[in-house]
Amino acid sequence: MTGCECSTLGAGESLTSVQPRRSPKSESSFTGEAQSNWPAAVHAAESKKAIDVQVLDLREVTSFTDFFVICSVTNPRQGQAVCDAIQSELKQLGDRPVSVEGYEQADWILMDYGDFLVHIFSENARKYYDLERLWRPAKVMQTSEIAVE
């Protein structure tokens with residue numbers, strides 16, 4: 001397995017000139033509004049035994065993304081396996097990441113799907129960066145209530 005695919009900037013492009021690609025959305029019968037594919041990412045992470053999976057709803061807090069999926073892993077190989085599982089499951093839904101960073105070191109893997117970001121942390125990195133504290137105004141989603149279709 002070659003790992004997660006990464007995108008690169010073309011000639012003359014900067015990070016601010018690249019338009020983020022939004023993930024395809026499906027109608028959610030649970031909320032009656034369009035929902036992103038983050039529940040599939042949660043399902044894939046849990047299938048590889050990711051620890052303490054949390055989803056932060058950032059729609060009322062920031063405009064650069066709608067959700068953070070945050071999880072911990074016990075070692076780099078597990079982090080890569082979680083990344084691969086998420087990428088595989090979302091690829092089946094027709095969704096590919098805009099970019100993936102940190103795959104080789106796997107201390108903090110960041111997967112950008114446009115309307116949601118996946119953060120796969122080692123336990124120490126998660127404690128150090130503490131995104132849940134940094135983004136505390138965000139609503140914490142209850143992942144146990146979400147059904148993946």
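Q: In this predicted model, which residue stands opposite aspartate 57?
A: Aspartate 57 faces lysine 139, a residue of strand S8. To read such a pair, one asks next which strands it belongs to and in which sense they run. Here strand S3 pairs with S8, residues 139–141, in the antiparallel sense, over three bridges.

Q: How many bridges join S3 to S4?
A: There are five bridges between S3 and S4, and the two strands run antiparallel. Within S4, valine 69 is the residue opposite valine 55.

Q: How should I read the length of a helix, taking H2 as the case?
A: One compares the span of the helix with the span expected from its number of residues. Helix H2 covers residues 76–92, 17 residues in all. From its first C-alpha to its last, H2 reaches 25 Å, close to the 24 Å expected at 1.5 Å a residue.

Q: What is found at the ends of H2?
A: At the N-terminal end, asparagine 75 acts as the cap of H2: one of its side-chain oxygens lies 3.1 Å from the backbone nitrogen of arginine 77. After H2 comes glycine 94, with a positive phi, near 85°.

Q: Which residues of H2 are buried, and against what do they pack?
A: A residue is read as buried when its relative accessible area is under 20%. In H2 the buried residues include Val82, Cys83, Ala85, Ile86 and Leu90, and also Gln78, Asp84 and Glu89. The buried residues of H2 pack against helix H1 (38–47) and against strands S4 (67–73), S5 (99–101), S6 (108–112) and S7 (116–122).

Q: Which residues touch the most other members of the largest nonpolar core?
A: That core has 28 residues, and those touching the most other members are Ile86, Met111, Phe116, Val118 and Ile120. At least two residues of this core come from each of H1, S3, S4, H2, S6 and S7. H1 gives the largest share, six residues. There is also a second, separate core of 10 residues, with Leu117, Phe121, Trp135 and Ala138 among them.

Q: Why does cysteine 71 form no bond with cysteine 83?
A: The test for a disulfide is distance: the two sulfur atoms must lie within 2.5 Å. Cysteine 83 holds the cysteine sulfur closest to that of cysteine 71, but the distance is 9.9 Å, so the pair is too far apart for a bond. The count of disulfides is zero.

Q: Is cysteine 71 buried or exposed?
A: Cysteine 71 counts as buried, because its relative accessibility is 0%.

Methods
Residues are numbered from 1 along each chain as its sequence is written. This is a predicted model: local features need pLDDT of at least 70, side-chain atom pairs count only at pLDDT 80 or more; totals for chains, interfaces and linings use all residues. Side-chain values use heavy atoms; hydrogens and water are left out. Helices (H or I, at least four residues) and strands (E, at least two) are DSSP runs, numbered from the N terminus. Buried means under 20% relative accessible area, exposed over 50%, partly exposed in between (1.4 Å probe, protein chains only). Contact means heavy atoms within 4.5 Å. A polar contact is a pair of N or O atoms within 3.5 Å; within protein, one must be able to donate a hydrogen and the other to accept it, and residues adjacent in sequence count only if both atoms are side-chain atoms. A nonpolar core is a set of buried Ala, Val, Leu, Ile, Met, Phe, Trp, Tyr and Cys residues joined through side-chain atoms within 4.5 Å. Two strands pair if DSSP finds at least two bridges between them.
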